[in-house]
Amino acid sequence: MHEIDQTQRVTVVGAGLVGSLLSMYLARRGFQVDVLEWRPDMRREEIGAGRSINLAISTRGLHALRQVGLEEEALRHAIPMRGRMIHPVSGEQVFQAYGRDESQHINSLSRAWLNKYLMTHAERSGRVRIQFEQRVQHVDFQKGVLDVLDRSGSTVRELHTPVVFGTDGSGSAIRREMTTLPGHGSAQEHLSHGYKELTIPAGPDGTFPMEKHALHIWPRGSYMLIALPNEDGSFTCTLFLPFQGPVSFESLETPARVVAFFEEQFPDALAMMPGLTHDFFHNPTGTMVTVKSGPWHVGGRALLLGDAAHAIVPFFGQGMNCGFEDCVTLDACLGRHTRWEDAFEEFFRLRKPNADAIADMAVENFVEMRDRTADSRFLLEKAVEKELLKAFPGEFLSRYTLVSFSRVPYRLSYEVGAIASGIVTELIEGLTRAQDVDLERAGTLIRERLVPFVKEHSDGFGIEG
């Protein structure tokens, strides 16, 4: 019997966003927490640029921060993004609101700022000790022993711990060790696209050179450019391109080719990017992967959370939000059980279907963002969706609204999206203007298909944001 003893010293591997927040939740329950991190302390040393992909924090992530008293400060550093600003090649911008009104928005937030903030507050609890430049090389789950490499001295030591939490990202060493055990597996699916971080600097006196309260997208079919606002007036841009092919990172091999490509495809962005070629050739080309693994625990000895358990691609803006929601769910499980294994089993049962659902939605949203956001039929679908949200409040629900502006489980959000999409598809046949949608027919379809589903799963839809 591996009882939960809140006087125990437990170990968290990975001091990223999820690991830092998790350590705070554990400290709040009374545990002493050792956090091992391979990188140097980013609060004291400059970490290489080029891999940030700004965060889009929304309801789930904010709820997790609220539980430990950090939401208010995070929002002070966030910039509300009320919708997508679409940039076609021709230059006429189109704004697509995310929610039914301006109260429903996602928030652009610096990943580096939030990570530093979480680490500092974790340490201030007096129960969390973060040790940097420490890499786990091997885990003996039965004995509770980690072999840890200290990069500064190149020495390996044994660390004894009753419980280890793996929050060490998509390339997790803890997951790797788990998959050597019978019954454990992990599948990784890499996108054929990579990403490159670029910058649009602030204008004079820190002014924003584009609409501040929007996520900007330049959709171009098989590739796209996006930009998220920063506090200082700049925008962090991310170029998503295939690794290989006629238009790819492979084909953009010289500064002249990069400039010519942007002149042709992103001329308005190019005019605001004086450092384009420097950023392009100095920043790394990142990869994106979906990880589906299971089970996420070894008895009551070890547990995976966040990207270590279920890495997803960034196109629904839910990677961090999902990982933070893991912390909330685990905390609730720990409050209901006296044995680690029981808490871990319930956590896996609750989170696995939802993690798989958001992983699938994230890949689907990539196709939507790059291929469909400039399409006239897509624009009509979204406009009709907005009409239905206004006309049938509480009855018509959209997938995006549930994922971003509620804490309804991802699996239910996914299924609602399929039902709602079918309704909208029927309603737009022969339609040219959203305001002409047949609301009487819409009401019938919603009450025949959507309302019964929500009633059947009322427990899941009763969760407040």
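Which residues in α2 are buried? In this predicted model, the buried residues of α2 are T59, R60, G61, L62, H63, A64 and L65. The sections below begin with this helix and then turn to the sheets, the loops and a pair of packed helices.

## Helix α2

Helix α2 covers residues 59-67. Because seven of its nine residues are buried, α2 is largely enclosed by the rest of the structure. G69 follows α2 and has a positive phi, near 75°.

One of the buried residues of α2, L65, can also be related to a distant part of the chain. L65 and A173 are 108 residues apart along the chain, and their C-alpha atoms are separated by 26 Å.

## The sheet β3-β7-β4

Three strands form an open sheet in the order β3-β7-β4, and their pairing is antiparallel. The edges are taken by β3 (55-57) and β4 (79-81); each has a single partner strand, so one side of each is left without a neighbour in the sheet. On average, and with direction ignored, neighbouring strands of this sheet are turned by 40° against each other.

Three bridges link β3 to strand β7 (residues 106-109) in the antiparallel sense. Within this pairing, L109 in β7 is the residue that stands opposite L55.

## Strands β2 and β8

Strand β2 (residues 32-37) runs parallel to β8, and five bridges join the two. V35 has I130 in β8 as its bridge partner. Strand β8 spans residues 128-132 and is mostly covered, with four of its five residues buried.

The loop between β8 and β9 contains E133. Most residues other than glycine have a negative phi. E133 departs from this pattern, since its phi is positive at about 55° although it is not a glycine. With a relative accessibility of 24%, E133 counts as partly exposed.

## The sheet β9-β10-β11

A further open sheet of three strands has the order β9-β10-β11, again with antiparallel pairing. Here β9 (134-140) and β11 (155-160) stand at the edges, and because each has a single partner strand, one side of each is left without a neighbour in the sheet. The average turn between neighbouring strands of this sheet is 30°, direction ignored.

β9 and strand β10 (residues 145-150) run antiparallel and are joined by six bridges. V136 has V148 in β10 as its bridge partner. V136 is also in contact with A173, as is D168, when neighbours of A173 within four places in sequence are left aside. A173 belongs to helix α5 (residues 173-178). Its relative accessibility is 12%, and A173 therefore counts as buried.

## Two further loops

D205 is placed in the loop between β13 (185-200) and β14 (215-219). Although D205 is not a glycine, its phi is positive, at about 60°. D205 counts as exposed, with a relative accessibility of 83%.

The loop between β17 (285-294) and β18 (297-298) holds P295. Most peptide bonds are trans. The bond that joins G294 and P295, however, is cis, with an omega of about -10°.

## Helices α14 and α15

Helix α14 (residues 410-427) packs with helix α15 (residues 439-456) at an angle of about 160°, and their axes are 10 Å apart. That angle makes α14 roughly antiparallel to α15, and the crossing of the two helices is right-handed. By class, 10 nonpolar, one polar and four charged residues make up the contact of α14 with α15. On the α14 side the contact residues are L412, E415, V416, I419, G422, I423, E426 and L427, which meet R441, A442, L445, I446, R449, L450 and F453 in α15.

V437 lies in the loop between α14 and α15. Its relative accessible area is 8%, so V437 is buried. Not counting residues up to four places away in sequence, V437 touches V384, E387, L427 and L431. Among these, L427 is one of the α14 residues that meet α15. V437 and L427 are 10 residues apart along the chain, with 6.7 Å between their C-alpha atoms.

Methods. Residues numbered from 1 in each chain as written. Predicted model: local features only at pLDDT ≥ 70, side-chain atom pairs only at ≥ 80, totals over all residues. Heavy atoms only, no water. Axes fitted to C-alpha atoms, helices over the stretch in contact; angles between N-to-C directions. Parallel < 35°, antiparallel > 145°, perpendicular 65-115°, else oblique. Left-handed = near helix turned anticlockwise from the far one by under 90°. Contact = heavy atoms within 4.5 Å. Nonpolar A, V, L, I, M, F, W, Y, C, P; charged D, E, K, R; others polar. Pairing = 2+ DSSP bridges. Buried < 20%, exposed > 50% of the residue type's maximum accessible area, 1.4 Å probe, protein only.
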